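I opened this notebook to keep track of what I looked up, entry by entry. The structure I worked from comes first, and my notes follow.

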Amino acid sequence: MTHRQVLKALSGLLLGLFVAVLSSTVVSNALPRILTDLHGGESAYTWVITAALLSMTASTPLWGKLSDLLSKKLLVQVAMGIYVVSSALAGLSQSTGALIACRVLQGIGAGGVIALGQICLAAMVPPRERGRYSGYFGAVFALATIGGPLIGGVIVDTDWLGWRWCFYVGIPFAVVAVLVLQRTLDLPEQTTRKPRIDYLGALLITAAVSLLMIWISLAGKDYAWLSWQSAAMVGGGLLLAVAFVAVERRAAEPIVPLDLFRHRTVALASVASALVGVGMYGATTFLGQFFQLAKEKTPTQAGLLTLPMILGLALSSTVAGKLITKYGKWKIYLVGGTVLLTAGLALLGGMRDDSPYGYLAAAMAITGIGLGLTSQNLVLAVQNTVPRHELGAASSVVTFFRTMGGAMGVSALGALLGNRVSHYLAQNLAGAGVQPSGGAGLGGGEIPDLHRLPAGVVPLVTDAFGHGVGTVFLVAAPFALVAVLVVLAVREVPLRTTAQ
């Protein structure tokens, strides 16, 4: 395929990828307004975000395996169809329970689109040429991941739209993506054979991941980290994981072929991807809160202020992709990216409510560049390692670990944020001689409305949130540092020049 033919075939995939990733991030700045209208509490705030990430994580290996058995083009269109229906239902939700259920369906559809996009690219383009196109994927992923809060903020701040359009906005683009895919995506025909889907393996991995993520999202809030509930959930999740491994060893068509992890690159890239996911999803989630609650910005302003990260991620992903295609070297970008990610998160760890924007912009840009150099290139490294018939499963495994790391990281860091904000706020109130009742409703991780608080309390709250979010990024930085050590251990293999 010529460069023009590849871009034409990728047009629908890139559009679908944008709306799929957007579904995970567009609600972050809109959630306070959504939960006010639907009378939701703190637990609902967590679950609206976690539900989509949970189903996205759990379904990714299933989509990957199906792509090795069935038509990739048809599967992408099915995933987009699930996204359209679930988005429409989410916009019509009248309760938090209904919204959370729709978010589960959204995550399944979005997970399919995200995983299958890279798989379709691998089926069309050899690894040596894949870098330049992976850069486009990385740029689109960046725009949707970090631009989502901006779009959501604008929608919420626009009176004639309202929060329900956070779910409706992607539907027209998704429909167009399906139609474009039908006309432009022409993949090689696969050998026709009856699919042998490992339903038991799919059920076990979904149950294991779900139970562990439910635990990490509720522990520290609904019950203590060291409690019988934690022991039961962690023990149950580990038992399900062991059962999954046992089933996969005997399955004729396993969801996650365990032989993949005999490849050194696959095993290390999976670990690195999980660690990078903590920084990627953590930055998206907590930067919006910082600008709204520590800097007193509107949702729209909060989105605009994260532009340095968007531009850094998009630019570095695109440039690195072209350089990889030109020179055939990819490890240097993984090492450099994880080093920059570590530095960026450490700098964000020093943020406070009075930090100058120049400092914040530089830290966000460094973090964005680090993410752009790592996320897509980890997939490329794996695709260059495995045989063609395992491309789908191998690609989805890396995506699976990235999303799982991000979801669990956000849950754990969110619990830490609630704890630290409550601690710093209590200190500030005591130091100012303000009775705890003066900050009523600010504890327990609740999201305050700064405009309704007494003027004397607002600086105490912004300081607490600024310090709390800084602490979260400081804790996230060591995860990126471990990723540096992991990618250093990856053995660089020259990129193949054929698709086989």
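Before turning to any one residue I fixed my terms: a residue counts as buried under 20% relative accessible area, as exposed over 50%, and as partly exposed in between. I also reminded myself that this is a predicted model.

**Entry: a loop residue, Asp354**

With that cut-off in hand I looked up Asp354, which has a relative accessible area of 63% and is therefore exposed. I found Asp354 in the loop between helix 14 (331–348) and helix 15. I then noted that the C-alpha atoms of Asp354 and Gly466 are separated by 8.1 Å, although the two residues are 112 residues apart along the chain.

**Entry: the whole chain**

Next I stepped back to the protein as a whole, in which I counted 17 helices and zero strands. Of its 500 residues, 59% count as buried. When I took the contacts with a separation of 6 or more, I saw that residues 24 or more positions apart account for 83% of them.

**Entry: helix 13 against helix 15**

I wanted to see how one pair of helices is arranged, and I kept in mind that two packed helices are described by the angle between their axes and the distance between the axes. For helix 13 (residues 307–327) and helix 15 (residues 357–383) the angle is about 35°, and the axes are 7 Å apart. The crossing of helix 13 with helix 15 is right-handed. On the helix 13 side I listed contact residues including Pro308, Gly312, Ser316, Ala320 and Ile324, and they meet a set in helix 15 that includes Ala361, Ala365, Gly368, Gly372 and Leu380. Sorted by type, the residues of this contact come to 13 nonpolar, seven polar and no charged.

**Entry: Ser316 within that contact**

Which residues does Ser316 touch, leaving out those up to four places away in sequence? I found Gly368, Ile369, Gly372 and Leu373. Ser316 itself lies in helix 13, and it is buried because its relative accessible area is 7%. I traced two polar approaches of its side chain: the side chain of Ser316 reaches the backbone oxygen of Gly312 at 2.9 Å, and a polar atom of the same side chain lies 3.2 Å from the backbone oxygen of Ile369.

**Entry: Lys331**

I then moved to Lys331, whose place is in helix 14. Is Lys331 buried or exposed? Its relative accessible area is 18%, so I entered Lys331 as buried. The side chain of Lys331 reaches the backbone oxygen of Leu488 at 2.9 Å, and Lys331 also touches Val487, Val490 and Glu492, among the residues more than four places away in sequence.

**Entry: the length of helix 4**

As a check on geometry I took helix 4 (residues 72–91), whose 20 residues should span 28 Å at 1.5 Å a residue; the end C-alpha atoms are 29 Å apart, so the two values agree. Among the buried residues of helix 4 I noted Leu75, Val76, Ala79, Met80 and Tyr83.

**Entry: a positive phi at Glu296**

Last, I recalled that most residues other than glycine have a negative phi. Glu296 is not a glycine, yet I found a positive phi of about 60° there. Glu296 sits in the loop between helix 11 (264–293) and helix 12 (299–305), and I recorded Glu296 as partly exposed because its relative accessible area is 48%.

Methods. Residues are numbered from 1 along each chain as its sequence is written. This is a predicted model: local features need pLDDT of at least 70, side-chain atom pairs count only at pLDDT 80 or more; totals for chains, interfaces and linings use all residues. Side-chain values use heavy atoms; hydrogens and water are left out. Axes are lines fitted to C-alpha atoms, for helices over the stretch in contact, and angles run from 0 to 180 degrees between N-to-C directions. Helices (H or I, at least four residues) and strands (E, at least two) are DSSP runs, numbered from the N terminus. A crossing is left-handed if the near helix is turned anticlockwise from the far one by less than a right angle, and right-handed if clockwise. Contact means heavy atoms within 4.5 Å. Ala, Val, Leu, Ile, Met, Phe, Trp, Tyr, Cys and Pro count as nonpolar, Asp, Glu, Lys and Arg as charged, and the others, Gly among them, as polar. Buried means under 20% relative accessible area, exposed over 50%, partly exposed in between (1.4 Å probe, protein chains only). A polar contact is a pair of N or O atoms within 3.5 Å; within protein, one must be able to donate a hydrogen and the other to accept it, and residues adjacent in sequence count only if both atoms are side-chain atoms. The expected span of a helix is 1.5 Å times one less than its number of residues.
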